[in-house]
Amino acid sequence: MEKTERRQIRVYGIVQGVGFRPAVDRHAHALGIRGTVANRGSFVEINAEGVPSVLDEFEKRVKEQPPERAVILKMDVKLLEQSPAAGFGDIAGQSQGSDGFRIVESEKTSGEIFISPDIAICDTCKAELFDKNSRRYLHPFINCTCCGPRFSLLEVLPYDRERTSMKKFPMCPQCRREYFDPKSRFYDAQPVCCNDCGPQVYLIERAGETDRRISVRGAAAISRARQILVQGGIIAVKGIGGFHLACNAADEDAVTRLRRLKRRPMKPFAVMARDEAVCRRECEVSPEQHQILTGHQKPILLLPKKAGGRICSAVAPDIPTIGMMLPYAPIQLLLFTYEDAWQERMPDVLVMTSGNASGAPIASNDAEALDEIAGFCDAILSNNRDIRIRTDDSVMDFYDHAPYMIRRSRGYAPLPFLVSRPYQGQVLGIGGELKNTFCLGKDQIFYPSAYVGDLADLRTVKALEDAVKKTETLLEMKPQVIAADLHPKYNSTLVAEKLAEERGIPLLRVQHHYAHVLSCMAENDYLEPVIGVSFDGTGFGTDGTIWGGEFLLSDIGHFERGGHIAPFWQIGGDTAAREGWRIAVSMLQQIFGAGADDLIRRLGLCDEMAAGALKVLFTRKINAVQSTSAGRLFDAVSAILGIRRASTYEGEAATALMYSAMRGRAHAAGSLASLPGLCRDRDSLAHSRQAVEAGGQPQPDVLPTDSLVRALVLAKLDGAGSEELAYEFHRGLAQMIVRETVSLSERTGVKTAALTGGVFQNRLLLELVEKGLQAEKIQVLRHHLVPPNDGGIALGQALYAMAALGQENGV
């Protein structure tokens, strides 16, 4: 008879809140393994006893047959002594017996921590939700070990019910039986509940001119909310990580009213479709997009519109894509399908946009909803399950048949990224001013946060401070260093300064575009030198000017500015960032001198009075700063070509320029070099650099983007079409980027480029640059699940801080 042995197996990864312990328990019982399984806070620990061959099979099943939502990053296995050890025999005062295996009480143990994101409702729960024979029929909070809220409910680890916001809902006898039944899919599901013992929905409506109070609860609340939607109204809906504002996406009047109330004239709204068939009716869906659309994260996907759909034009004005998602919470499914008088008239597409005032974070409780978004809606459909950490929806584009993240939040945060260098320490990257996220790092593991928002609003600043503290508690971290942006007046920098002073720890300043490059390197786990092509809207440069179209020769801990687009004067401060025509007028003054006035008039950029005022500011350099912002270059070209003179939301003019270029691509004429005024090329750039170096003072290369603008102006006035010229602009800029990158590669020997920054959300520019570099045998790093925009720079800041600690530790 084969002798038994005892093994301790520690499993690291997303193994809490995904039904991992019940799955281990089932494998053990199937094989006759004795022992225990428990959460240890940072890992799951299995103590197993059996004959070696059976233990081998057990380990294999644990690794190869985990729950659907689990992610195993590593397993450590060690042989235990045959004498009684922890996990065997008497545990917590209860005798296990000689042939049992069971889940035991969780304990905290220090080490790596991996927390499950919130998980969309699974197909089994969805089926049960609409099963009239189920006791969870139409239950707005149905979930199981495979689905439901996780991160947004969690207070501290280990992940057990008493450490979540479900602790105030004691399980009824039936739910308790299922919770402890190894054969039940609710086995050890921490948020398990039913209509008898779970949270309750309720509707808050007006009671008089100003007062709002709960009008109905339960089924009546859902039915009344649906009635409001059918009748063209707007409701706020509390979901997994915060509130949405919802209305009929096929009703032009309802959507236009929401735009007016929310003061959001043009920015596209996200749409939730009732099911996949409705989504396909409205949009083109590729096989790769289908996998994400119907998967367990369910982000908002930017999908091409189909002709003849029912979604009204006010949802995404002048944009050929729609941000689409499917229901991921039971309450969202119930808004579409419910047994009441409104079912036949219920719309199958709903606007489902973040429930927040402009600039504020998404509302996550009734007080915030009443204070900040009640004026935008006719009623608030809420519930009494608390949200511990707000998580907005993730937004994802696709590039080259693969995900290309725009906003990383629900479903993905706080999943970590790992690098291969053996760092040691704990750090915090506080993030940027726009699209803020922060990032906590421990040794080789980096945890980007859920989306926080734009920090111009003090409410978002407060949300950032709260989220940092809560996440530090969850991940059991005490950062030794904080990294922040170089800009001295950013609210993110001020938060970092405050935290560093309170805690008595160092604060490191990281140049904005360098942080972008480091973010791309970290996501790709590529820590060797790169040529960083970092193009975005605004970043404070080391010379005190505004940067944004940068070539940074970068390694971990250092960068050199190798080149940039042609500098221009940005007149008008923050106003210029919204009104691209101002940048265009300033550029024309700089490029054409005395001849600019007539060109400005002929292009219709502004009236004579505005042109005169800007000319005075330009001449005297009042409220002016030198800039190499690629984002502002795109805004100016959009204005010059008559596509968008100004933006009502960030990136509007540049996005419109991209879509115009995509339409013009098929009609664009031959080489851009044939356009008048474009004369500089790669060789002239190289000669310019050599002349400067001969003088003993190397300077960054300057791309001739001013010549590109000059060529576009003359071609436009000569009658060329705006869409064709929009494409020529993209192609010309891409050619310059490729030429400069190759030139820097020849100079340095570095054969890898990292493409990053918000401008590289532009899929056309990304494609042209990536293909051009690949043709030149340059390896290209780009983003995938970390946004290229400012939502990703916290990861780069954290990597910089960790490398700085590593230098102190000799790593």
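## Salt bridges and helix packing in a predicted model

The side chain of threonine 145 comes to 3.3 Å from the backbone oxygen of arginine 185, a polar contact (a pair of N or O atoms within 3.5 Å; within protein, one must be able to donate a hydrogen and the other to accept it, and residues adjacent in sequence count only if both atoms are side-chain atoms). Threonine 145 sits in the loop between helix H3 (123–129) and helix H4 (173–179). Helices (H or I, at least four residues) and strands (E, at least two) are DSSP runs, numbered from the N terminus. Threonine 145 counts as buried because its relative accessibility is 8%; buried means under 20% relative accessible area, exposed over 50%, and partly exposed in between (1.4 Å probe, protein chains only).

The model is predicted: local features need pLDDT of at least 70, side-chain atom pairs count only at pLDDT 80 or more, and totals for chains, interfaces and linings use all residues. Residues are numbered from 1 along each chain as its sequence is written, and side-chain values use heavy atoms, with hydrogens and water left out.

### Salt bridges

Side chains of opposite charge can pair when their charged atoms come close. A salt bridge is a side-chain nitrogen of Lys or Arg within 4 Å of a carboxyl oxygen of Asp or Glu. The whole structure contains 56 salt bridges. Three of the pairs are listed here.

| Pair | N to O distance | Separation in sequence |
|---|---|---|
| Arginine 6 and glutamate 49 | 3.1 Å | 43 residues |
| Aspartate 397 and arginine 763 | 2.8 Å | 366 residues |
| Arginine 782 and aspartate 400 | 3.9 Å | 382 residues |

The pair of arginine 6 and glutamate 49 links distant parts of the chain, with arginine 6 in strand E1 (residues 5–14) and glutamate 49 in strand E3 (residues 44–50). Both arginine 6 and glutamate 49 are buried.

Aspartate 397 belongs to strand E17 (residues 395–399), and its partner arginine 763 to helix H23 (residues 763–775). Aspartate 397 is buried at a relative accessible area of 7%, and arginine 763 also counts as buried, at 18%.

In the third pair, arginine 782 lies in the loop between strand E32 (779–781) and helix H24 (793–809), while aspartate 400 lies in the loop between E17 and strand E18 (402–407). Arginine 782 is buried, with a relative accessible area of 9%, whereas aspartate 400 is exposed, with 51%.

A network of salt bridges links Arg21, Asp160, Glu162, Arg163 and Asp188.

### Helix H13

Helix H13 (residues 512–523) has 12 residues and spans 17 Å from its first C-alpha to its last, close to the expected 16 Å, where the expected span is 1.5 Å times one less than the number of residues. Of its 12 residues, 12 are buried, including His512, Tyr514, Cys520 and Glu523. At the start of H13, a side-chain oxygen of glutamine 511 comes within 2.8 Å of the backbone nitrogen of histidine 513. Aspartate 525, which follows H13, has a positive phi, near 45°.

### Helices H15 and H21

The axes of helix H15 (residues 580–592) and helix H21 (residues 705–717) come within 10 Å and cross at roughly 100°. Axes are lines fitted to C-alpha atoms, for helices over the stretch in contact, and angles run from 0 to 180 degrees between N-to-C directions. H15 is therefore roughly perpendicular to H21; angles under 35 degrees count as roughly parallel, over 145 as roughly antiparallel, 65 to 115 as roughly perpendicular and the rest as oblique. Met587, Leu588, Ile591 and Phe592 of H15 make the contact with Asp706, Val709, Arg710, Val713 and Leu714 of H21, contact meaning heavy atoms within 4.5 Å.
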